Amino acid sequence: MGDAGGLLDEITHPALLIPGPVDFDKAVLKAMSSDAEFHLGTSFVNVFGEVLSMLRRFFQTTNPESQPFVLSGSGTLGWDLVAANLVEAGEHVLILHTGYFADCFKECCDNYEINVTEIKAPIGHRPQLDEIEAALWERPYKIIQLTHVDTSTGVRIPLQPLVQLVRRVFPSTLVVVDGVCSVGCEEIAFDDWDLDVVMSATQKAVGCPAGLSIMMCSSRAMKVFDSRRSKPPSYYANLAKWLPVMRTYEARRLGYFATERFNQHAQASAKVKQAVGEMGLQQIAQDPEDQAHALTAMYLPEGLAPIDILPRLLQRGVILAGGLHKDLLTRCIRFGHMGVCVTHEQRDDIDRGIAALRVVLDEVMREKGQVGAHSS
Ligand SMILES: Cc1ncc(COP(=O)(O)O)c(C=O)c1O
């Protein structure tokens, strides 16, 4: 999406370079300042219908049986939608654990009395295909769930080889992707990769305010929902309530969407990763294959904590995030590069972020009498 407002006004706020929420394009701000609308009026029906159709393009699905959902709620609502609709109490779910968000999805499953098995990778790594295969042979899992990009570690799991493995070993297991930190900046070819569910939210690489939960389901996933034995144990997060709404709105309107976003995000990510490497900082995800395009999560030099760095960055007009994963809280910072700071040609947030980080690190290291040491 371009900047419909033409030239940006002078940017007076700090560069918000955290792994979500991200800054808005002027076009988004403008769209947000519209009057309240009748939710059954033509104008809203057209906009909502278009959003649903555009989501098909966004996820690269042309299969008319794929089903997009957009609901009021945050990314977390996607977990409830999955746990309440695609799994039943007592069934088994396999979670690939690459950080904080796997723990949260497990907690969500616990609430629905779903049996969870986790494959935990060491921090900065992802579960390997051979261990996943071994787990898949052990019992029939209803779903395998993974966080495409874990926002607490910056670890990305390649989706295609995983789906290929699942289809070979237990083809009916649904592959469910938490794409909250990947949709809009990492490529997701829903049909070609044979994915079943991708859930996401609006406040990260999609570049909008928080408040909407986005989900794309395959026909395989919808058939699993249709063949439930029990009623979904949730009122709001019950797909049966929302399916007719989505279908009715989408039937009114078809839209289009085209974008170079994935390449732009890959380039911005490479730039940040190269710069932090030059600063002597080690990324949490060390193998380039495991590194997300959405953010760069890095260890601080030995003896430094986020508190030494983040306030000074803010003084220079840059906001990065501290640690989120419990084992990394005081040892890591996270540089988000998603949305308008990447896609807008006239924004230099990323360069400002890199420059500020370089200066602040130098400053702090000099004060502490350290040069170039980093922990891992
Ligand atoms: C990977 C991932 N999954 C899920 C969530 C939860 O999304 P929300 O905060 O929109 O509920 C987040 C939030 O940061 C996230 O990064």
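How many aromatic pairs does the count come to? I began my notebook with that, and I kept in mind that this is a predicted model.

**Entry 1: aromatic rings**

The count comes to 7 aromatic pairs. I looked up Phe48 and Tyr249 among them. Their rings sit 5.0 Å apart, centre to centre. The planes make an angle of 65 degrees, and the pair is edge-to-face. I then asked where the two residues lie. Phe48 belongs to helix α2, residues 42–58. Tyr249 belongs to helix α8, residues 239–251. The two parts are 201 residues apart in sequence, so this pair ties together distant stretches of the chain.

Are Phe48 and Tyr249 buried or exposed? I found Phe48 buried, and Tyr249 buried as well. I also noted a cluster here: Phe44 joins Phe48 and Tyr249 in one aromatic group.

Next I turned to Tyr100 and Phe101. They form an edge-to-face pair too. I read 4.9 Å between the centres and 85 degrees between the planes. Tyr100 is partly exposed, because its relative accessible area is 33%, and the partly exposed class runs between 20% and 50%.

**Entry 2: the ligand**

Phe101 came up again when I listed the residues around the ligand. The list also includes Ser74, Gly75, Thr76, Trp79 and Thr147. Val149, Thr151, Asp178, Val180, Gln203 and Lys204 are on it as well. Which helix gives the most to this shell? I found helix α3, residues 75–85, with 3 residues.

I then checked polar contacts. In Thr76, a side-chain N or O atom is 2.5 Å from an oxygen atom of the ligand. Thr151 has a polar side-chain atom 2.4 Å from a ligand oxygen. For Asp178, the partner is a nitrogen atom of the ligand, 2.7 Å from an N or O atom in the side chain. How much of the ligand does the protein bury? Taken alone, the ligand exposes 390 Å², and the protein buries 85% of that.

**Entry 3: Asp25**

Last, I looked up Asp25. I located Asp25 in the loop that runs between β1 (15–16) and α1 (26–32). Asp25 is buried, yet I found no salt bridge for it. The nearest side chain of opposite charge is that of Arg347, 7.1 Å away. A salt bridge needs a distance within 4 Å, so Arg347 does not qualify. What lies 2.9 Å from a polar atom of the Asp25 side chain? I found the backbone nitrogen of Ala27 there.

Methods. Residues are numbered from 1 along each chain as its sequence is written. This is a predicted model: local features need pLDDT of at least 70, side-chain atom pairs count only at pLDDT 80 or more; totals for chains, interfaces and linings use all residues. Side-chain values use heavy atoms; hydrogens and water are left out. Helices (H or I, at least four residues) and strands (E, at least two) are DSSP runs, numbered from the N terminus. Buried means under 20% relative accessible area, exposed over 50%, partly exposed in between (1.4 Å probe, protein chains only). Lys and Arg count as positive and Asp and Glu as negative; His and the chain ends are not counted. A polar contact is a pair of N or O atoms within 3.5 Å; within protein, one must be able to donate a hydrogen and the other to accept it, and residues adjacent in sequence count only if both atoms are side-chain atoms. Rings of Phe, Tyr and Trp (its six-membered ring) pair if their centres lie within 6.5 Å; planes under 30 degrees apart count as stacked, over 60 as edge-to-face and the rest as tilted. A residue is near a molecule or strand if one of its heavy atoms lies within 4 Å of it. Accessible areas come from the Shrake-Rupley method with a 1.4 Å probe; for residues, only the protein chains shown count as cover.
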